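Biologist: I should be grateful for a close look at a single part of this model. Please take one aromatic side chain and describe what lies around it, then follow the chain onward from there.

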Amino acid sequence: MNRSLFTRIVRDLSANCPYFQEGCDAVGKAGISALVKCTSAIRQLAYAAVPDSLDEYLQIGEKTSRDCLMHFCNGVIELYGEEYLRRPTQTDVEKLYAFHENKHGFPGMIGSIDCTKWSWAQCPQAYRAQFSRGDSGSEPFILLEAVASQDLWIWHAFFGVAGSNNDVNVLRQSPVLNDLKVGKAPEVPFVANDVTYKWGYYLTDGIYPEWAVLMKSISQPGSNDVKRIRYKQAHEAARKDVERAFGVLKKKWAIVRTPARSRSLKRITHLMYTCIILHNMIRKEKGKAISPDFYPEEQHREDDPVRSAQDRLRVIREIHDEETHLNLKADLVEHIWHRTNAN
């Protein structure tokens, strides 16, 4: 995080959050400045510093450091969550389509979806079985589902699912497709192999179901089927975008890489969403975002009309349609092959 972004956050928090506004105590002595409070919060997020390790460097106590972190997370989510945790708008989807087709060869690709885990060191004993899974060891953990594009921008984040679930269980609890079901998601059609499809899709690994909006690789393409082999190579290369995003997120914010020390799942959730917001802010600040501009007027509001219950059931059936998935995969195989030969 460069200085200009950090000072912007300090300035915005000072203007909008009473906790970060400087004041005086009963004897007229100036209180802790917003710069020191934000520095304490950033050091805890970026270096996984324990609160009492900052008392000598910043001259603030352990309790104050904890309060700084919690108020910082609440303020960042409130001020920047609408923009940096937004779902893709009409403009975003169009830019993602164009960029991903040019970069990876996949028309209609919104991003890649996958899950990662965050160990929970202070998980209450009553929850340990629920948040543990046999194939991942005995330590409890919390799952994060995310969608990332090639620029490592995280477009969707769903955190807080117990570790005993697998990726498919998380998907069925996730709100990633809710906007599409109720009619709030932008329907931007695309063309693959001269066939028009009305919804974009996410690249997934092998565990996910064969839905119309999820595109899997081909596990056994055949040694002589060069078209399907080329599709498999392109798919596996493009799907690494979300893995790279997880790696950068954990590398920059060490608190996500180390076991969570809080006993409150709500606090841990706020920490995760704060790190994701800051991650996206850094991508935009560095000029690496595919769609950096935010258009609030394209966002759906709570009072916008939604689909009826009957229409929702129809859309859900279309989303779960395996035939559409297979047809789209066949068209993508041909599209990528023709594009490869043309280049």
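Modeller: In this predicted model, the side chain of Trp120 reaches the backbone oxygen of Ser262 at 2.7 Å. Trp120 is found in the loop between E1 and E2. Its relative accessibility is 2%, and because buried means under 20%, Trp120 counts as buried.

Leaving aside residues up to four places away in sequence, Trp120 touches Tyr127, Phe131, Pro140, Phe141, Ile142, Ala260, Ser262, Arg263, Leu265 and Ile268. Ser262, whose backbone oxygen the Trp120 side chain reaches, is thus one of these contacts. In another direction along the sequence, Gly163 is 43 residues from Trp120, and the two C-alpha atoms are 9.8 Å apart.

Among the residues that Trp120 touches are Phe141 and Ile142, and these two point opposite ways from strand E2. Strand E2 comprises residues 141–148, and eight of its eight residues are buried. Phe141, Leu143, Glu145 and Val147 point one way, while Ile142, Leu144, Ala146 and Ala148 point the other way. This arrangement follows a general pattern: in a regular strand, side chains alternate between the two faces of the sheet. In E2 the residues pointing either way are all buried, Glu145 included.

Strand E2 has pairing partners in E1 and E3. Strand E1, residues 109–119, pairs with E2 in the antiparallel sense over eight bridges. Within this pairing, Lys117 has Leu143 of E2 as its bridge partner. Strand E3, residues 154–162, also pairs with E2 in the antiparallel sense, here over seven bridges. Glu145 has Phe158 of E3 as its bridge partner.

The connection from E2 to E3 is a hairpin, with five residues between the two strands. One residue in that turn, Leu152, has a positive phi of about 75°.

To return to the starting point, Trp120 lies in the loop that joins E1 to E2, and its contacts include Phe141 and Ile142, both of them buried residues of E2. Its contacts also include Ala260, Arg263, Leu265 and Ile268. Of these, Leu265 and Ile268 fall within helix H10, which covers residues 265–285. Helix H10 is also among the helices against which the buried residues of helix H2 (residues 34–47) pack. Ten of the 14 residues of H2 are buried, among them Cys38, Ile42 and Leu45.

Definitions and conventions
Residues numbered from 1 in each chain as written. Predicted model: local features only at pLDDT ≥ 70, side-chain atom pairs only at ≥ 80, totals over all residues. Heavy atoms only, no water. Buried < 20%, exposed > 50% of the residue type's maximum accessible area, 1.4 Å probe, protein only. Helix = DSSP H or I, 4+ residues; strand = E, 2+ residues; numbered from the N terminus. Pairing = 2+ DSSP bridges. Contact = heavy atoms within 4.5 Å. Polar contact = N/O pair within 3.5 Å; in protein donor to acceptor, adjacent residues only side chain to side chain. Expected span 1.5 Å × (residues − 1).
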